[in-house]
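This report covers aromatic pairs and salt bridges in a single structure. The sequence and the model are shown first.

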Amino acid sequence: MLNSLLVIGWLSAAIPQVGETAPDFTVKDTAGTTYTLSEMVKKGPVIVAFFPKAFTGGCTRELTAYRDRYKEVEQAQGQVLAFSTDDAETLTRFKTELKAPFAFIPDPDGKVVNAYDVKMPVVTVSKRYTFVVGEGRKVLKVEEGKDAIDPTGAIVACPLRKGGAAKPASAPAGNTPPTQAEAPSK
């Protein structure tokens with residue numbers, strides 16, 4: 001009986017892949033602001049970045065890189081949600097130390113981590129995964145492990161949503177890089 005429940009559990013939760021629909025969620029960040037994925041994707045792509053632990057080397061490099069390149073995310077009409085199973089107090093300190101301009105989401109019970117099936121075995125800590133989610137919650141890009149530390153792939157995947165479905169007034173350049181989009185409009 002227990003074995004059948006374990007198999008059913010494994011089959012019902014699987015890491016979302018490119019082209020699939022990402023699990024929806026409504027969460028609060030460290031400042032108490034509420035975010036609902038299905039609403040956010042109407043405004044542009046959402047980079048959902050799961051990281052294992054605040055103040056560790058890899059996580060600091062990853063989130064510092066997003067901070068340093070956040071203007072590129074914004075130019076692609078993207079948004080970043082950084083998830084960890086750390087508590088709100090720890091993530092507040094981490095966000096402040098990094099001077100990050102994007103939301104840090106505490107998930108100490110692992111509800112969203114489990115929904116995306118990115119929980120480490122045995123402990124409630126997320127694996128390092130990044131999902132770029134576009135219109136209709138369609139997964140546009142998935143990166144894991146060391147690849148997820150560098151935000152380049154996630155940032156590049158953001159315009160894919162814009163080119164296919166953006167409103168002309170908000171994104172006249174389509175899939176062209178932001179530096180090329182500025183020249184014709186001047």
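In this predicted model, a search of the whole structure finds 14 aromatic pairs. One of them is formed by Tyr-70 and Phe-102, with a centre-to-centre distance of 5.7 Å and 35 degrees between the planes, a tilted arrangement. The two residues are 32 apart in the chain: Tyr-70 belongs to helix 4 (residues 70–75), while Phe-102 sits in the loop between helix 5 (88–98) and strand 5 (103–106). Both Tyr-70 and Phe-102 are buried. They are also members of one aromatic cluster, together with Phe-51, Phe-55, Tyr-66, Phe-94 and Phe-104.

The structure also holds seven salt bridges. The table lists some of them, with the distance between the closest N and O atoms.

| Basic residue | Acidic residue | Closest N and O atoms |
|---|---|---|
| Lys-42 | Glu-39 | 3.1 Å |
| Arg-128 | Glu-62 | 2.7 Å |
| Arg-69 | Asp-150 | 3.8 Å |

Lys-42 counts as exposed because its relative accessibility is 56%, and exposed means over 50%. Its partner Glu-39, at 44%, is partly exposed.

In the salt bridge of Glu-62 with Arg-128, Glu-62 lies in helix 3 (residues 57–68) and Arg-128 in the loop between helix 6 (111–115) and strand 6 (129–133), 66 residues apart. Both Glu-62 and Arg-128 are buried.

Arg-69 pairs with Asp-150. Arg-69 is in the loop between helix 3 and helix 4, and Asp-150 is in the loop between strand 7 (139–144) and helix 7 (152–165), so the pair ties together parts 81 residues apart in sequence. Arg-69 is partly exposed at 22% relative accessible area, as is Asp-150 at 41%. A network of salt bridges links Arg-69, Glu-72 and Asp-150.

Technical notes. Residues are numbered from 1 along each chain as its sequence is written. This is a predicted model: local features need pLDDT of at least 70, side-chain atom pairs count only at pLDDT 80 or more; totals for chains, interfaces and linings use all residues. Side-chain values use heavy atoms; hydrogens and water are left out. Rings of Phe, Tyr and Trp (its six-membered ring) pair if their centres lie within 6.5 Å; planes under 30 degrees apart count as stacked, over 60 as edge-to-face and the rest as tilted. Helices (H or I, at least four residues) and strands (E, at least two) are DSSP runs, numbered from the N terminus. Buried means under 20% relative accessible area, exposed over 50%, partly exposed in between (1.4 Å probe, protein chains only). A salt bridge is a side-chain nitrogen of Lys or Arg within 4 Å of a carboxyl oxygen of Asp or Glu.
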